[in-house]
Amino acid sequence: MPQIRSLLSSLAAVHGRFWASPSLDTLADEPERRSGSAVLDFSDLVLYQTDNFQRMLRLPRAAAVSGTLQDLDAARHYLERLIQEFDDGPRCLIHGDAHLGNTFSPLREGAGGFIDWQTYTRGHWAFDVSHLLCTALAPESRRRHERSLLEHHLDELERYGGQRPTFADAWESYRQMAFYGFAWALCPPELQAEDVCRTCTERVITALADLSTLDALDR
């Protein structure tokens, strides 16, 4: 768990440093970065590439996908709700693809960090946090530690200059933003190995059930 706490600290340093900052317009100066590139990449897979949706649901990872999310219209509905919550949330600089495969551990004592910043954008802090915890941790470990890890991120966010939400509000955002992890069920195997997609899909689908994410998006 120290590795995950370290990664959350690194995310908080970025989130807090650029919290509601005017420099976001300079750092995220391309249209897709101003509007949430990572979420829009997902929406392209779900909303417009119907053949891809059906192709992915024929792969081994689909065994973990519930009946509700096997329906394209339902997936579109929850994606649209995710985008709305993403757009309505606080703005800071986010990594946009904060899964474990995009991290590194320090060679010496110090914080772990993130590589592959090609999907950085301005958006909701919980987007990064939920994606990291729901994919990096096995379900039993996530259930045991996610509340304390979220509290740690909020402490670090405040330390680095971000506006700390109440834990209740943060928990609600964490539950909602977890839906982005469903992208692993739709990720073409040309981009990620099937065993990686399957593991992440299984973890995310379990998290969506544990967190009642669909209910949180429909509130």
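Contact here means heavy atoms within 4.5 Å. With that in hand, a good place to enter this predicted model is helix H9, which covers residues 167–177. The buried residues of H9 pack against four helices, namely H6 (72–88), H7, H8 (139–159) and H12 (213–217). Ala170, Trp171, Ser173, Tyr174, Arg175, Gln176 and Met177 are the residues of H9 that are buried.

Stepping back to the whole chain, the fold comprises 12 helices and 4 strands. The C-alpha trace spans about 45 × 35 × 35 Å along its principal axes. A compact globule of 219 residues would have a radius of gyration near 17 Å, and the chain agrees with this, at 16 Å. Of the 219 residues, 55% count as buried. Contacts across the sequence are well represented: among those between residues at least 6 apart, 80% join residues at least 24 apart. The accessible surface comes to about 9900 Å², and carbon and sulfur atoms account for 49% of that area. As for charge, the chain carries 22 positive and 32 negative side chains, with the centres of the two sets 4 Å apart.

The interior comes next. In soluble globular proteins, nonpolar side chains tend to be buried together. In this chain, the largest nonpolar core contains 58 residues. The members that touch the most other members are Phe42, Trp125, Phe179 and Phe182. Helix H7, residues 125–136, supplies the largest share of this core, with 8 residues.

Trp125 deserves a closer look. Setting aside neighbours within four places in sequence, Trp125 is in contact with His15 and Trp19, with Pro90, Cys92 and Ile94, and with Leu150, His153, Leu154, Pro165 and Ala170. One of these partners, Ala170, is also among the buried residues of helix H9. Phe127 is likewise found in helix H7. The side of the buried/exposed divide on which Phe127 falls is clear: its relative accessible area is 1%, under the 20% limit, so Phe127 counts as buried. Although Phe127 and Val39 are 88 residues apart in sequence, their C-alpha atoms lie 9.4 Å apart in space.

The strands and their loops offer further buried positions. Phe114 sits in strand S3 and is buried, with a relative accessible area of 8%. Beyond its neighbours within four places in sequence, Phe114 is in contact with Leu7, Ser10 and Leu11, with His95, Ala98, Asn102, Thr103 and Phe104, and with Leu132. Phe114 and Asp71, in turn, are 43 residues apart in sequence and 34 Å apart in space, C-alpha to C-alpha. Gly96 belongs to the loop that joins strand S1 (92–94) and strand S2 (103–104). Despite this loop setting, Gly96 is buried, at 1% relative accessible area. Between Gly96 and Phe53, which are 43 residues apart in sequence, the C-alpha distance is 21 Å.

Arg76 gives a view of helix H6, one of the helices against which the buried residues of H9 pack. Its relative accessibility is 23%; since buried means under 20% and exposed over 50%, Arg76 counts as partly exposed. Apart from neighbours within four places in sequence, Arg76 is in contact with Val46, Leu47 and Thr50. The C-alpha atoms of Arg76 and Ile4 are separated by 31 Å, and the two residues are 72 apart along the chain.

Finally, two backbone details may interest anyone inspecting torsion angles. Most residues other than glycine have a negative phi, and most peptide bonds are trans. Ala20 has a positive phi of about 50 degrees although it is not a glycine. Ala20 lies in the loop between helix H1 (2–17) and helix H2 (24–27), and with a relative accessible area of 57% it is exposed. Asp116, also not a glycine, has a positive phi of about 60 degrees. The loop that holds Asp116 runs between strand S3 (113–114) and strand S4 (121–123). At 33% relative accessibility, Asp116 counts as partly exposed.

Note on methods: Residues numbered from 1 in each chain as written. Predicted model: local features only at pLDDT ≥ 70, side-chain atom pairs only at ≥ 80, totals over all residues. Heavy atoms only, no water. Helix = DSSP H or I, 4+ residues; strand = E, 2+ residues; numbered from the N terminus. Rg over C-alpha atoms; globule rule 2.2 N^0.38 Å. Buried < 20%, exposed > 50% of the residue type's maximum accessible area, 1.4 Å probe, protein only. Areas by Shrake-Rupley, 256 points an atom, 1.4 Å probe, with all protein chains shown as cover. Lys, Arg positive; Asp, Glu negative; His and termini not counted. Charge placed at Lys NZ, Arg CZ, Asp CG, Glu CD. Core = buried A, V, L, I, M, F, W, Y, C linked by side-chain atoms within 4.5 Å.
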